[in-house]
Amino acid sequence: MEPLSLPFSSWLNAPAHHSWLATEGLRLLDFAKASRLAEGFGNLDARGCLPAGARAETMNTARMTHSFAMAHIQGLPGFAELVDHGVAALLGPLRDAEHGGWFAVAGQADGNGGKAAYLHAFVALAASSAVVARRPGAEALLEQAVGVIEEHFWSEQEGAVIESFSRDWSEQEAYRGANSNMHATEAFLALADVTQDPPWLSRALRIAERLIHGHAAANDFMVVEHFDLDWQPLRDYNRDCPTDGFRPFGTTPGHGFEWARLLLHLEAARGQAGMLTPGWLVLDAQRLFDSNCRHGWNVDGAPGIVYTLDWDNRPVVRQRLHWTHAEASAAASALLRRTAEERYETWYRVFWEFCQAHFIDCEFGSWHHELGLDNRPAAEIWGGKPDLYHAWQAVLIPRLPLAPSMASALARVPATGSV
């Protein structure tokens with residue numbers, strides 16, 4: 001189904017709002033440039049500086065490469081060299097030249113040689129965006145990323161990605177995760193556009209069907225994150241480590257919003273490709289959004305979305321994280337564009353007002369990554385400001401169609417467009 005026409009009064013139609021989003025995007029990009037290291041990109045502190053001993057990491061390098069590629073595609077000078085630097089790092093020091101795939105840290109400096117699907121999904125996303133940006137080395141990086149995903153991570157039997165392996169691929173972790181599969185879905189949408197290979201969209205649908213139309217639907221559309229090898233939920237996983245930045249205990253409302261948006265991108269992409277598009281994609285997206293708003297927003301008496309909830313939807317980690325609110329805003333804009341329902345306009349404005357009031361750092365730049373219980377900057381879960389990807393996408397998504405994927409959509413925006 002084609003997205004409906006929006007009311008004239010919608011912020012998504014407002015030139016001033018588009019201008020504000022574009023200006024905020026430029027501010028975010030300018031801050032992130034300082035993350036460059038010899039072997040990739042590293043983690044910036046709260047003032048936008050690289051701390052002593054900063055190391056290049058695959059996650060940030062891939063995310064920065066993807067983000068800078070989208071800046072270059074728009075015609076913003078000064079980002080081509082940064083994309084090339086990221087591609088070179090992913091082809092060089094961050095890659096395991098002996099066994100293939102990518103380390104978490106350049107040269108395996110953290111002592112961890114394991115291969116994680118989460119990281120490889122971001123490498124594939126970075127490669128696809130760099131290909132759209134027509135940067136040297138991008139095609140080779142894409143070929144390597146696709147090869148590793150198809151050879152090791154994609155499980156045709158399970159219809160999902162395998163979580164992680166030892167360095168030589170001989171052993172796999174006895175765990176399946178929703179987070180890695182969510183970002184694999186994101187990467188597969190981009191790969192489908194860049195490779196013109198429809199099976200990526202079929203794989204994305206199988207992941208969504210298992211994790212959202214199956215497990216999340218059975219849990220009031222709160223995303224179940226942790227599973228054993230038979231895809232049975234691990235409800236006590238990390239109960240003793242609830243603030244984990246990637247695998248926290250319980251449910252994570254931010255992922256519910258992120259999944260809602262991805263379902264709409266998948267629906268639109270399959271529709272553009274002439275593929276069978278199940279009606280539950282948009283319905284589940286709406287249910288995810290509604291449930292995570294209901295259980296995640298203002299649930300402890302203060303505005304904002306808590307990081308995690310227990311299985312009775314009670315707050316566990318009450319800190320507010322910037323990426324959660326970026327994804328909530330992006331999901332609201334996607335649902336607004338898809339349905340033209342006024343409630344999504346209302347939520348879109350609520351989320352941006354909160355981000356403007358609490359997350360956007362007008363003094364030192366970028367966004368505060370975490371707020372404490374008093375909605376003031378904190379650093380218990382995420383110190384510093386290493387993440388460009390979430391906020392940058394949040395200012396782009398409201399200005400783009402639901403399909404194709406972001407880099408490909410930006411490449412098709414006319415020169416007179418408002419992005």
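**Exercise 1. A charged residue in helix α8**

Which side chain of opposite charge is nearest to R270, and how far away is it? Work from the predicted model and describe the surroundings of R270.

*Solution.*
Step 1. Locate the residue: R270 belongs to helix α8, which spans residues 253-272.
Step 2. Assess burial and pairing. R270 is buried, yet has no salt bridge. The nearest side chain of opposite charge is that of E209, 8.8 Å away. A salt bridge requires a side-chain nitrogen of Lys or Arg within 4 Å of a carboxyl oxygen of Asp or Glu.
Step 3. List the contacts. With neighbours within four places in sequence left aside, R270 is in contact with L201, S202, L205, M275, L276, T277 and P278.

**Exercise 2. Salt bridges within and between elements**

Determine how many salt bridges the whole structure holds, and examine the pairs E24 with R27, R261 with E327, and K385 with D361.

*Solution.*
Step 1. Begin with the total: a search of the whole structure returns 25 salt bridges.
Step 2. Take the pair within one helix. The closest N and O atoms of E24 and R27 are 2.9 Å apart. Both residues lie in helix α1, with a spacing of three residues, about one turn of the helix. E24 is buried at a relative accessible area of 6%, whereas R27 is partly exposed at 25%.
Step 3. Turn to R261 and E327, whose side chains meet in a salt bridge at 3.2 Å, N to O. This pair links distant parts of the chain, with R261 in helix α8 and E327 in helix α10, 66 residues apart. Both R261 and E327 are buried.
Step 4. Consider K385 and D361, which form a salt bridge with their closest N and O atoms 2.6 Å apart. K385 is in the loop between β10 (370-371) and α12 (389-396), and D361 is in the loop between α11 (342-359) and β10, so the salt bridge ties together parts 24 residues apart in sequence. Since buried means under 20% relative accessible area, K385 at 3% counts as buried, and D361 at 5% is buried too.
Step 5. Add the network: salt bridges link D96, E98, K115 and R167.

**Exercise 3. The largest pocket**

State the volume of the largest pocket and analyse its lining by element and by class.

*Solution.*
Step 1. The largest pocket contains about 580 Å³ of space.
Step 2. Its lining comprises 28 residues, and those closest to the centre are A104, A116, Y118, L119 and F246.
Step 3. At least two lining residues come from each of α2 (58-73), β3 (115-116), α4 (117-132), β6 (164-165) and α6 (178-195). The greatest contribution is that of α6, with three residues.
Step 4. The classes are ten nonpolar, nine polar and nine charged residues.

**Exercise 4. Enclosed cavities**

How many cavities of 30 Å³ or more does the whole structure contain? Describe the largest and the second largest.

*Solution.*
Step 1. The search finds four such cavities.
Step 2. The largest cavity has a volume of about 280 Å³. It is lined by 28 residues, and R261, H265, P404, S405 and M406 lie nearest its centre. Two or more lining residues are given by each of α4, α6, α8, α10 (322-339) and α13 (406-412). The largest share, five residues, belongs to α6. By class, the lining of the largest cavity has 17 nonpolar, seven polar and four charged residues.
Step 3. The second largest cavity has a volume of about 220 Å³. Among its 20 lining residues, R63, Y118, W323, W382 and H390 are closest to the centre. At least two lining residues come from each of α2, α6, α8 and α10, and α2 holds the largest share, three residues. The classes in this second lining are eight nonpolar, nine polar and three charged.

**Exercise 5. Two residues and their settings**

Is L21 buried or exposed? Establish also the setting of P51.

*Solution.*
Step 1. L21 sits in helix α1 (residues 15-32) and is buried, with a relative accessible area of 0%.
Step 2. Residues up to four places away in sequence not counted, L21 touches Y348, W352, V395, P398 and R399. The C-alpha atoms of L21 and A208 are separated by 30 Å, with their positions 187 residues apart along the chain.
Step 3. P51 occupies the loop between β2 (40-41) and α2 and is partly exposed, at a relative accessible area of 39%.
Step 4. Apart from neighbours within four places in sequence, P51 is in contact with N43 and D45. P51 and G384 are 333 residues apart along the chain, while their C-alpha atoms are separated by 9.7 Å.

Conventions: Residues are numbered from 1 along each chain as its sequence is written. This is a predicted model: local features need pLDDT of at least 70, side-chain atom pairs count only at pLDDT 80 or more; totals for chains, interfaces and linings use all residues. Side-chain values use heavy atoms; hydrogens and water are left out. Helices (H or I, at least four residues) and strands (E, at least two) are DSSP runs, numbered from the N terminus. Buried means under 20% relative accessible area, exposed over 50%, partly exposed in between (1.4 Å probe, protein chains only). Lys and Arg count as positive and Asp and Glu as negative; His and the chain ends are not counted. Contact means heavy atoms within 4.5 Å. On a 1 Å grid over the protein atoms alone, a cavity is a set of points where a 1.4 Å probe fits but cannot get out, and a pocket is an open set with protein on both sides within 12 Å along at least five of seven lines; lining residues have an atom within 4 Å of a point. Grid points are joined across faces, edges and corners, and a volume is the space filled by probe spheres set on the points. Ala, Val, Leu, Ile, Met, Phe, Trp, Tyr, Cys and Pro count as nonpolar, Asp, Glu, Lys and Arg as charged, and the others, Gly among them, as polar.
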